[in-house]
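Me: Got a minute to look at a complex with me? I'd like to start with how the chains meet and then move on to the ligand.

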Amino acid sequence: MSSVKDYMWNTLCMPDLHPELKGMAYKLDYWPDFGRVTYKHSFIDLCALLSTQYVSYQQLKSFSGCSDETISHLLNTLKTSNLLSTKPVTNDRVPGTNPFSLAGYKEKLMSFLRSAYGRNEQSSAELVRGA
Amino acid sequence: MYRKLVVIGDVGAGKSTLIRTLSEIETVDTDVTSSKNIGKPLTTVGIDYGRITLGEGDAIGLYGVPGQKRYSFIWDMVKEDIWACILLVKAEHLRAPDKLIDLINVFINDKEYCPLAIGVTHTDIKAINQVVIQKVLQEKGVNAPVFSVDARKKQSSLLLLHTLLSMHNANDFSKRENMA
Ligand SMILES: Nc1nc2c(ncn2[C@@H]2O[C@H](COP(=O)(O)OP(=O)(O)O)[C@@H](O)[C@H]2O)c(=O)[nH]1
Ligand SMILES: [Mg+2]
């Protein structure tokens with residue numbers, strides 16, 4: 001993996017969404033290798049949604065509840081890594097106005113994961129060092 | 001409610017290790033001594049079993065199932081009503097990803113949404129290009145994340161479990177959005 005991409009995954013400070021990504025709908029072509037990069041745990045949720053179909057920025061937000069910084073960080077990095085397709089948002093219906101919340105066993109499993117992660121909001125690429 | 005997470009993979013792929021890492025209870029490991037030299041002293045002949053208890057009657061049961069065709073009698077015992085599926089493959093055994101399709105199709109069918117995540121183990125020994133693997137699988141109609149993992153590491157097992165949960169959530173969300 002190139003150092004630019006490594007840098008983008010690793011950096012904690014990410015500027016705004018890239019101008020080319022504004023007003024677009026996004027779809028994940030391929031998952032990044034989270035075994036080899038540093039990632040915020042919420043990137044997993046965002047990638048899962050991006051892999052289902054083209055989704056808008058608002059949908060990503062409403063699904064994940066993530067900050068703008070986190071969403072921009074992921075979209076910018078996916079785009080730079082050639083893992084993301086984009087197309088202009090066509091219908092301007094405001095989707096996903098009700099925030100998505102987990103219930104039942106999904107909520108419990110998410111708490112299980114959170115307690116296993118401990119205080120860490122991200123996991124680092126420990127496998128890279130062994131390679 | 002009880003939900004089944006099936007971990008499929010060839011001997012030595014890391015199933016028992018992964019299930020041990022994920023399960024908080026003592027796993028029932030059915031390893032016995034093998035007469036064949038497979039690079040380790042023990043091999044799984046049956047099902048590994050583990051469990052994640054979530055409280056108030058919810059649990060995830062973890063089933064480790066050998067991937068070789070001669071164990072298909074075991075496949076038949078676990079392949080119904082699966083909540084999610086992890087396929088573990090040793091990096092050095094990944095020469096032809098399309099060969100995995102038949103195995104995947106045993107466990108993933110159109111009946112009910114069942115996410116699949118693929119963990120490639122022993123990448124500390126041989127690195128992989130996971131985009132190429134995803135591409136080959138997509139051409140055969142299988143959309144699944146592929147990660148370099150190490151079954152011995154908690155981080156890897158959490159990555160796989162979190163991904164499967166997120167895929168379920170995303171499926172629910174996109175159903176909701178498409179109905180709106
Ligand atoms: N080097 C290395 N060893 C691993 C990895 N994953 C599992 N192992 C080891 O591989 C061996 C086989 O794992 P096991 O869980 O018994 O495989 P199973 O036959 O699928 O149940 C064990 O000694 C594990 O500790 C990995 O990613 N890298
Ligand atoms: Mg085993």
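**Chains first, then the ligand**

Reply: Sure. Chain A puts 42 residues into the contact and chain B puts in 45. Keep in mind that this is a predicted model.

Me: How much area do chain A and chain B bury between them?

Reply: About 3,900 Å², and 61% of it is on carbon and sulfur atoms. On the chain A side, A:Tyr30, A:Trp31 and A:Tyr105 lose the most area to chain B, and together they make up 18% of what that side buries.

Me: OK, charges next. How many salt bridges are there between chain A and chain B?

Reply: Two. In a salt bridge between A:Lys106 and B:Asp172, the side chains meet at 2.3 Å, N to O.

Me: And how many residue pairs are in polar contact across the two chains?

Reply: The count is 14, with both residues of a pair at pLDDT 80 or more.

Me: Which elements of chain A give two or more residues to the side that touches chain B?

Reply: Those are α2 (42–50), α3 (57–64), α5 (104–117) and α6 (126–130) of chain A. The largest share comes from α5(A), with nine residues.

Me: What does that side of chain A divide into, by nonpolar, polar and charged?

Reply: You get 23 nonpolar residues, 11 polar and eight charged.

Me: Switching to the ligand. Which residues come nearest to ligand 1?

Reply: There are 18 residues around ligand 1, and B:Gly12, B:Lys15, B:Ser16, B:Thr17 and B:His122 come nearest.

Me: Any distances for those? What does an oxygen of ligand 1 sit 2.5 Å from?

Reply: That one is an N or O atom in the side chain of B:Thr17. With B:Gly12 it's a polar backbone atom, 2.7 Å from an oxygen atom of ligand 1. B:His122 also uses a polar backbone atom, and there the distance to a ligand 1 oxygen is 2.9 Å.

Me: What share of ligand 1's area does the protein bury?

Reply: Ligand 1 exposes 590 Å² when taken alone, and the protein buries 82% of that.

Me: Which helix gives the largest share of the shell around ligand 1?

Reply: Helix α1 of chain B, residues 15–22, which contributes three residues.

Me: Last one: how does the ligand 1 shell divide into nonpolar, polar and charged?

Reply: The shell around ligand 1 has five nonpolar residues, seven polar and six charged.

How values were computed. Residues numbered from 1 in each chain as written. Chains lettered and ligands numbered in written order. Predicted model: local features only at pLDDT ≥ 70, side-chain atom pairs only at ≥ 80, totals over all residues. Heavy atoms only, no water. Contact = heavy atoms within 4.5 Å. Buried area = accessible area lost by both parts, 1.4 Å probe. Salt bridge = Lys/Arg side-chain N within 4 Å of Asp/Glu carboxyl O. Polar contact = N/O pair within 3.5 Å; in protein donor to acceptor, adjacent residues only side chain to side chain. Helix = DSSP H or I, 4+ residues; strand = E, 2+ residues; numbered from the N terminus. Nonpolar A, V, L, I, M, F, W, Y, C, P; charged D, E, K, R; others polar. Near = heavy atom within 4 Å. Areas by Shrake-Rupley, 256 points an atom, 1.4 Å probe, with all protein chains shown as cover.
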